[in-house]
Amino acid sequence: MDPDTHFVFGTHPHHGYAAAFAPDFPAHLAHWLLTRLQFEPVPQEPGLYRLSDPQKDGARRTRQAAQDLRAQSYAVHVDADVAHARSAPSHPNGLAERRTRIAHAAATRTPQRGAAPTVSEPSIRPVPPQPTYAPTVHLTGSGPARGR
């Protein structure tokens, strides 16, 4: 390991995607950082962490973890087998299929409702007749007197 490197990411023959930190790097800080990046400590191998749930786009998640640590100004080395690994085409939660189903449902008539309601002419409301008397205006004493 290069003395200026803080973390190394690669593949391990038994643990899959793995990460290790430099011996002079504080172990508690490395543990805190790696566990938040979805790596878990490997029992019986201090300083080695494996990616939890590696079958779920492990190569991309490992590269993303390295990128996140670099963004925090840590020196990170990623092995070539991880850096150039092709991730399986991902369909995040089947989003494209779900959108297609929603668009199709929006474009078709639902079988739960009967026939479309018929459009009838709007009802005509008669206008009330004009009053034959002049309305009475009551003046109150609180304002200026008008017409006196």
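**Close-ups of a predicted model**

**View 1. The order of the pieces.** Start at the N terminus of the protein chain and walk along: the elements come as β-β-α-β-β-α-β-α-α. That gives you 4 helices and 5 strands. Keep in mind that this is a predicted model.

**View 2. The whole chain and its surface.** The protein chain has 148 residues, and 22% of them count as buried. About 12,000 Å² of the chain is exposed, with carbon and sulfur atoms supplying 55% of that area. Now look at contacts between residues at least 6 apart in sequence: 47% of these join residues at least 24 apart.

**View 3. The sheet and its edges.** Here's the open sheet of 5 strands, lined up as S3-S4-S2-S1-S5 with mixed pairing. Why do S3 and S5 each have one side left without a neighbour in the sheet? Strand S3 (39-41) and strand S5 (76-78) stand at the edges and each has a single partner strand, so nothing in the sheet sits on the other side. On average, neighbouring strands here are turned by 30 degrees against each other, ignoring direction.

**View 4. Where S2 meets S4.** Strands of a sheet pair through backbone hydrogen bonds, and they can be parallel or antiparallel. Strand S2 (residues 16-21) and strand S4 (residues 48-51) run antiparallel, joined by 3 bridges. To spot one of them, find Ala20: its bridge partner in S4 is Leu48.

**View 5. A helix on the sheet.** Which strands does helix H2 touch? Helix H2 (residues 58-71) packs on the sheet and touches strand S1 (7-12), along with S2, S3, S4 and S5. The direction of H2 makes about 160 degrees with that of S5.

Methods. Residues numbered from 1 in each chain as written. Predicted model: local features only at pLDDT ≥ 70, side-chain atom pairs only at ≥ 80, totals over all residues. Heavy atoms only, no water. Helix = DSSP H or I, 4+ residues; strand = E, 2+ residues; numbered from the N terminus. Buried < 20%, exposed > 50% of the residue type's maximum accessible area, 1.4 Å probe, protein only. Contact = heavy atoms within 4.5 Å. Areas by Shrake-Rupley, 256 points an atom, 1.4 Å probe, with all protein chains shown as cover. Pairing = 2+ DSSP bridges. Axes fitted to C-alpha atoms, helices over the stretch in contact; angles between N-to-C directions.
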